[in-house]
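Reader: I want the reasoning behind the labels. Please take me through it.

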Amino acid sequence: MGFFNKKKKKTWVVPQGQEPTEMDKKILYWQSKGREVPRRGLILTPGQIDGVRKSGVINTGILDTVAKEIKAGMSTNDIDKIVADYTLSHGAKSACLGYNGFPKYSCVSINEEVCHGIPDDDIILEEGDIVNVDVTTIYNGFFADASRMFIIGKTTPEREKLVRVAKECLEVGIQAAQPYCFVGDIGNAIQEHAHKNGYSVVRDLCGHGVGLKFHEDPEVTHYGRKGTGMLLVPGMVFTIEPMINEGTYKVFIDEDNGWTVVTEDEKDSAQWEHTFVMTENGVEILTY
Ligand code: MF3
Ligand code: CO
Ligand code: CO
């Protein structure tokens with residue numbers, strides 16, 4: 001058997017007659033080494049980035065309002081109503097509503113639920129629960145995606161630690177996200193921090209390009225080897241959203257609703273998410 005001479009598709013092209021910029025040169029270098037590089041469409045203009053930033057301001061306002069109001073005894077659908085009211089009264093839309101048939105404005109996932117929990121009048125928040133609220137806002141056509149954890153009243157030290165370490169995992173991912181790094185550099189940093197604390201990293205779901213669409217390249221894995229995955233260059237907009245599990249990294253989808261992702265061993269899970277733009281000096285958070 002011979003080897004197929006597999007040619008990687010060249011995704012980065014300098015337009016005919018144009019001098020390559022410094023950025024072009026760096027991207028062409030990595031492309032020539034066979035690394036995965038973006039296509040031009042993944043690099044947003046300053047005007048587009050500003051559009052995502054404005055959407056991010058509304059997204060942050062939504063999660064700040066949830067933070068003020070969330071408490072024991074509320075249903076997860078009460079949370080969704082807060083999200084819906086704020087979204088609509090600010091002239092925005094929810095990217096979740098109607099997405100592949102998703103029926104609500106937000107995802108609300110409790111304890112062993114990893115993500116994509118469907119808000120429900122019958123799911124009541126209890127003292128000690130750890131709750132992820134994930135909101136994706138569309139404003140003027142621009143998408144901003146973020147989620148936070150909320151602790152209902154007082155919880156156990158174990159749950160407190162899981163929520164804290166999951167947040168630290170996002171933070172170490174942010175530190176690793178430098179211009180001209182690779183997605184795998186971020187994933188590797190997150191994975192190390194999770195493992196050091198005795199936790200696992202969900203592999204079946206990842207962060208993603210965002211801004212002009214809900215889900216776009218690159219695929220931002222929260223595990224992996226340095227130097228693998230797509231090259232990240234200034235102007236790219238994407239999420240980092242590590243899902244950190246107390247037990248196994250394995251998850252399944254609740255058959256009853258086809259959406260809610262749950263840990264296989266039903267141990268707890270926590271997640272934090274922001275939308276970022278890569279700049280010449282690291283990432284800027286667009287969902288603050
Ligand atoms: N906001 C989620 C993410 O971080 C996606 C939710 S899709 C939905 O990518 F349909 F469940 F809302
Ligand atoms: Co996301
Ligand atoms: Co999200």
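Author: What follows sets values against cut-offs, for a predicted model.

Reader: What makes the arrangement around the cobalt ion (ligand 2) irregular?

Author: Its 6 donor atoms subtend angles of 51 to 161 degrees. Six donors count as octahedral if opposite donors are over 155 degrees apart and all others between 65 and 115. An angle of 51 falls outside those ranges, so the arrangement is irregular.

Reader: Why are Asp-145, His-208, Glu-241 and Glu-273 called donors of the cobalt ion (ligand 2)?

Author: Their donor atoms lie 2.0 to 2.2 Å from the cobalt ion (ligand 2). The cut-off is within 2.8 Å, so they count. Asp-145 also bridges to the cobalt ion (ligand 3), and the two ions lie 3.3 Å apart. Asp-145 sits in strand 5, and Glu-241 in the loop between strand 11 and strand 12, 96 residues apart.

Reader: Why is the contact of Lys-81 and Asp-78 called a salt bridge?

Author: The N to O distance is 4.0 Å. The definition asks for a side-chain nitrogen of Lys or Arg within 4 Å of a carboxyl oxygen of Asp or Glu, so the pair qualifies. Both residues lie in helix 3, about one turn apart.

Reader: How do you know that Lys-54 is partly exposed?

Author: Its relative accessible area is 46%. Buried means under 20% and exposed over 50%, so Lys-54 falls in between. Lys-54 forms a salt bridge with Asp-50 at 2.8 Å.

Reader: What does the salt bridge of Glu-284 and Arg-53 tie together?

Author: The closest N and O atoms are 3.0 Å apart. Glu-284 lies in strand 17 and Arg-53 in helix 2, so the pair ties together parts 231 residues apart in sequence. Asp-50, Arg-53, Lys-54 and Glu-284 are linked in a network of salt bridges.

Conventions:
Residues numbered from 1 in each chain as written. Chains lettered and ligands numbered in written order. Predicted model: local features only at pLDDT ≥ 70, side-chain atom pairs only at ≥ 80, totals over all residues. Heavy atoms only, no water. Donors = N, O, S within 2.8 Å, 3.2 Å for Na, K, Ca; no water. Tetrahedral: all angles 85-135°; square planar, octahedral: opposite > 155°, others 65-115°. Helix = DSSP H or I, 4+ residues; strand = E, 2+ residues; numbered from the N terminus. Buried < 20%, exposed > 50% of the residue type's maximum accessible area, 1.4 Å probe, protein only.
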